Amino acid sequence: MAIEPIEKAAPVQGTQSVSRALDLLRRVAGLHPDGATVTDLAKAAEIDRITANRLLKTLELGGFVERGEGSKRYRLGMQAMQIGLASMRRAPLLEACRPMMKRLAHVTGDTVFLVVRNGDYAHCLHYEEGSSPVRTLVLQVGGMRVLGVGSAGVTLLARQDDASIEAIYRRHQDEFKPSGLTLPRLRDLVAKTRKQGFSATDGLVHQGVSGVGVSFEVGEDGYAAISVAAVSSKMNHEHKMWVTRTVASELQAIGFTPSVKSVENA
């Protein structure tokens, strides 16, 4: 993947290293999650490889970029993701969805989450509790969980192609193990989600908690999801179908296209 040049502003005296580090961080962000090598980044930024390597190692120590085990390619780190998504707590997406989430929580009595995809992770922007909230919140505001874990994570992962899903699993095998998610099981969950247009999970994050997730597009290449969680004794098949239809209808009402192919068939 070619690295497009970024127009540079004239640096203020004494801030050259900071400017160069931020320039490298922007370039890594533009290539996330595939990443880029030191050589590629140095060439694109028009700086020598030694300088690029020093700045990237500094960013890596701060958690702003990272490399997988045995990999030479830099990707965005968790600290960069946390800072970037903190700004979304007052983003147009959240403002558009908050009233709808309040209605869903009131009507269903369940806990409703707004989750966005960020690289290999699902990031919770907001949640609303209904009259019968789950005792243990499965995802806190600001929390991040690898795609494929939880109903929101499954429906967002299903948007990826098969090769990308396998690559995500290989990169984060240790994060899938606590949920008992092998690659074959993950593929099975994704296949079912693609077929029906929404995810339905039981005990994937916490025993006794079930949920559904409906994804929708945000912008050209972004994805978000509304997920609804409740105790498994309440979240039976009929309740899951009703909640899914309700979520899809609410998303359509505020101008989003839900992943559910047909509201009537959900």
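**Exercise 1. Place strand β7 among its neighbours.**

Ten bridges join β7 to strand β8 (residues 222–231), and the two run antiparallel. Strands here are DSSP runs of E with at least two residues, helices are runs of H or I with at least four residues, and both are numbered from the N terminus. Two strands pair if DSSP finds at least two bridges between them. The model is a predicted one, in which local features need pLDDT of at least 70, side-chain atom pairs count only at pLDDT 80 or more, and totals for chains, interfaces and linings use all residues. Residues are numbered from 1 along each chain as its sequence is written, and side-chain values use heavy atoms, with hydrogens and water left out.

Task: state which residue of β8 stands opposite Glu217, and describe the pairing of β7 with β6.

Solution.
1. Glu217 has Tyr223 of β8 opposite it.
2. Strand β6 (residues 199–202) pairs with β7 in the antiparallel sense, over four bridges.
3. Within that pairing, Asp202 faces Ser210 of β7.
4. Six residues lie between the strands of the β6 and β7 hairpin, where Gly203 takes a positive phi near 65°.
5. Eight of the ten residues of β7 are buried, which leaves the strand mostly covered. Buried means under 20% relative accessible area, exposed over 50%, and partly exposed in between, with a 1.4 Å probe and protein chains only.

**Exercise 2. Lay out the sheet.**

Task: give the strand order of the six-stranded open sheet and name its edge strands.

Solution.
1. The order is β5-β4-β3-β8-β7-β6, with antiparallel pairing.
2. The edges are β5 (144–146) and β6, each of which pairs on one side only.
3. On average, neighbouring strands are turned by 30° against each other, direction ignored.
4. At the β5 end, strand β4 (residues 121–128) and β5 run antiparallel and are joined by three bridges. His123 stands opposite Met144 in β5.
5. Helix α5 packs on this sheet and touches β3 (111–118), β4, β7 and β8; its direction makes about 60° with that of β4. Contact means heavy atoms within 4.5 Å.

**Exercise 3. Describe two helix pairs.**

Task: for α5 with α10, and for α7 with α9, give the axis distance, the angle and the handedness of the crossing.

Solution.
1. Axes are lines fitted to C-alpha atoms, for helices over the stretch in contact, and angles run from 0 to 180 degrees between N-to-C directions.
2. The axes of α5 (residues 92–108) and α10 come within 11 Å and cross at roughly 155°. This angle makes α5 roughly antiparallel to α10. Angles under 35 degrees count as roughly parallel, over 145 as roughly antiparallel, 65 to 115 as roughly perpendicular and the rest as oblique.
3. The α5 and α10 crossing is right-handed. A crossing is left-handed if the near helix is turned anticlockwise from the far one by less than a right angle, and right-handed if clockwise.
4. On the α5 side, the residues that meet α10 include Met100, Arg103 and Leu104; their partners in α10 include His239, Trp242 and Val243.
5. Helices α7 (residues 162–171) and α9 (residues 183–196) have axes 11 Å apart and pack at an angle of about 140°. That places α7 oblique to α9.
6. The crossing of α7 and α9 is also right-handed. Among the residues of α7 in this packing are Ile165 and Tyr169, and among those of α9 are Leu186 and Val190.

**Exercise 4. Classify an aromatic pair.**

Task: assign the geometry of Phe216 and Phe256, and say which parts of the chain the pair ties together.

Solution.
1. Rings of Phe, Tyr and Trp (its six-membered ring) pair if their centres lie within 6.5 Å; planes under 30 degrees apart count as stacked, over 60 as edge-to-face and the rest as tilted.
2. The count by this rule is three aromatic pairs.
3. Phe216 and Phe256 form a tilted pair, at 4.7 Å centre to centre and 50° between the planes.
4. Phe216 lies in β7 (residues 209–218) and Phe256 in the segment after α10 (237–253), so the pair ties together parts 40 residues apart in sequence.
5. Phe216 is buried at a relative accessible area of 0%, and Phe256 is buried at 17%.

**Exercise 5. Compare two residues of α10.**

Task: decide whether Lys240 and His237 are buried or exposed.

Solution.
1. Lys240 is in helix α10, and its relative accessibility of 8% counts as buried.
2. Not counting residues up to four places away in sequence, the residues that Lys240 touches include Ala200, Asp202, Ser210 and Met235.
3. His237 is also in α10, but its relative accessibility of 52% counts as exposed.
4. The C-alpha atoms of His237 and Ala200 are separated by 9.1 Å, with their positions 37 residues apart along the chain.
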